[in-house]
Every structure is written in structure tokens, then in C-alpha cells.
Amino acid sequence: MACFLVVAGEAAVTTVVQKVIEKKEKQPGSEIKNISGLSWSRKLGWLNKMLWGGTLLLALEHVWHGEVVPWWPFMTAMENPADIAPMLHEMATVGGAMAVTVTVVWVIMVLIAEARLKASAKVNTAGTGV
């Protein structure tokens, strides 16, 4: 029904956070440490792309099935007050689970990327005799 709104909410928050971090990273003498070579704004960009892409696909799927409509109140579950509680339950359970899953996958992705960068840095320094 409206589970994609939870993912969209997380995407909106992380987009704002990314923009703030980008500004801080561009300032001279930035306190944001960049050990692996990947900036935090770039890592958050990955998360944002995953969240916004998922939101778009879920929204299209809900439009396709007639759960989201182009007239007020935009969601068919909002037309009947009895359907609001199940919609909120779905948002909390399904939407929350999707948001957490995407975030966990992103964390794993960042950890793998940083590990690979550190491993390649070790190989490069070992090969140069430094």
C-alpha cells in the first residue's frame, strides 16, 4: 500500500546528510577523515541511489496495481478509514524491513569496497619497496 514511503523518507534524510557532508568535505582543513580514499559523500551517494531507485520501482509497482492513484487522497487505502491501520502496519513492518535491508546491504558494500582498497594499497606499497 504505502511501504515505499518509508524508504523514500530514509532516502530524503540521507540525501540531506550527503549534501551537508559534501559541503564539509570541500572546505579546506576538513575534519572528515578519508582513510580509504572513498569520501563519505560518495558512500552516501551509493546508499541514496539504492534507496531512490527502490522507491521509484516500488511506487511504479503500487501505481501499476492501482494502490496509488493520481487523485486525492492518492492512496486507495486512505479512502476507507478501516484500511488506514493495515496500511500503517504494512509501512512499519514491510517498509521498515525494506529500508533496513537496503541499509545493511549498503554497509556490507562499503566494508567490501574499503577492504579491497586497503588490500590494493598494501599490494602497491609492497611492490614499490616502500
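## Exercises on a predicted three-helix chain

The accessible surface of the chain amounts to about 8,600 Å², and 71% of this area belongs to carbon and sulfur atoms. The model is predicted, and the exercises below work from its computed geometry.

### Exercise 1. Overall architecture

Determine the secondary-structure content of the chain and the order of its elements.

**Solution.** Start with the count: the chain has three helices and zero strands. Next, follow the sequence from its start; the pattern is α-α-α. The boundaries are residues 4–26 for helix H1 and 40–64 for helix H2, while helix H3 covers residues 84–128.

### Exercise 2. Dimensions of the chain

Compare the radius of gyration of the chain with that of a compact globule of 130 residues.

**Solution.** Take the reference first: a compact globule of 130 residues would have a radius of gyration near 14 Å. The value for the chain is 20 Å. Then consider the principal axes, along which the C-alpha trace spans about 70 × 30 × 20 Å. Burial completes the description: 29% of the 130 residues count as buried. Finally, turn to contacts between residues at least 6 apart in sequence; 70% of them join residues at least 24 apart.

### Exercise 3. The nonpolar cores

Identify the residues of the largest nonpolar core and state which helices supply them.

**Solution.** The core has nine residues, namely Val7, Ala11, Ile21, Leu44, Leu47, Leu51, Ala99, Trp106 and Val110. Assigning them to elements shows that H1, H2 and H3 each supply at least two residues of this core. A second core, separate from this one, has eight residues, among them Ala2, Val68, Met75 and Met87.

Leu44 serves as an example of packing in the largest core. Leaving aside residues up to four places away in sequence, Leu44 touches Val17, Gln18, Ile21 and Trp106. Two of these partners, Ile21 and Trp106, are listed with Leu44 in the core.

### Exercise 4. Two buried polar residues

Classify Gln18 and His62 as buried or exposed, and list their contacts beyond four places in sequence.

**Solution.** Gln18 is placed in helix H1. Its relative accessible area is 10%, and because the threshold for burial is under 20%, Gln18 counts as buried. The contacts of Gln18 are with Ser41, Leu44, Gly45 and Asn48.

His62 belongs to helix H2. With a relative accessibility of 4%, His62 is likewise buried. The residues touched by His62 are Met1, Ala2, Cys3, Phe4, Glu67 and Val68. Of these, Ala2 and Val68 are members of the second core. A C-alpha separation adds a longer view: His62 and Ala113 are 51 residues apart along the chain and 34 Å apart in space.

### Exercise 5. The salt bridges

Find the salt bridges of the structure and describe the setting of each.

**Solution.** There are two salt bridges.

1. Glu22 pairs with Lys19, with 4.0 Å between the closest N and O atoms. Both residues lie in helix H1, three residues apart, or about one turn of the helix. Glu22 is partly exposed at 22% relative accessible area, and Lys19 is partly exposed at 46%.
2. Glu114 pairs with Lys43 at an N-to-O distance of 2.2 Å. This pair links distant parts of the chain, since Glu114 is in helix H3 and Lys43 in helix H2, 71 residues apart. Glu114 and Lys43 are both buried.

The contrast is thus between a bridge within helix H1 and a bridge joining helix H3 to helix H2.

### Exercise 6. The surface of helix H3

Which residues make the nonpolar surface patch of about 350 Å², and how is Val104 classified by accessibility?

**Solution.** The patch is made by Val100, Val104, Ile108 and Ile112. Val104 is found in helix H3. The relative accessible area of Val104 is 44%, so this residue is partly exposed. The cut-offs settle the class: buried requires under 20% and exposed over 50%, with partly exposed in between.

Pro86 offers another case in helix H3. At 37% relative accessibility, Pro86 is also partly exposed. Between Pro86 and Leu58, which are 28 residues apart in sequence, the C-alpha distance is 18 Å.

Methods: Residues numbered from 1 in each chain as written. Predicted model: local features only at pLDDT ≥ 70, side-chain atom pairs only at ≥ 80, totals over all residues. Heavy atoms only, no water. Patch = residues over 30% accessible without salt bridge, like charges linked within 9 Å, V, L, I, M, F, W, Y side chains within 5 Å. Areas by Shrake-Rupley, 256 points an atom, 1.4 Å probe, with all protein chains shown as cover. Salt bridge = Lys/Arg side-chain N within 4 Å of Asp/Glu carboxyl O. Helix = DSSP H or I, 4+ residues; strand = E, 2+ residues; numbered from the N terminus. Buried < 20%, exposed > 50% of the residue type's maximum accessible area, 1.4 Å probe, protein only. Core = buried A, V, L, I, M, F, W, Y, C linked by side-chain atoms within 4.5 Å. Contact = heavy atoms within 4.5 Å. Rg over C-alpha atoms; globule rule 2.2 N^0.38 Å.
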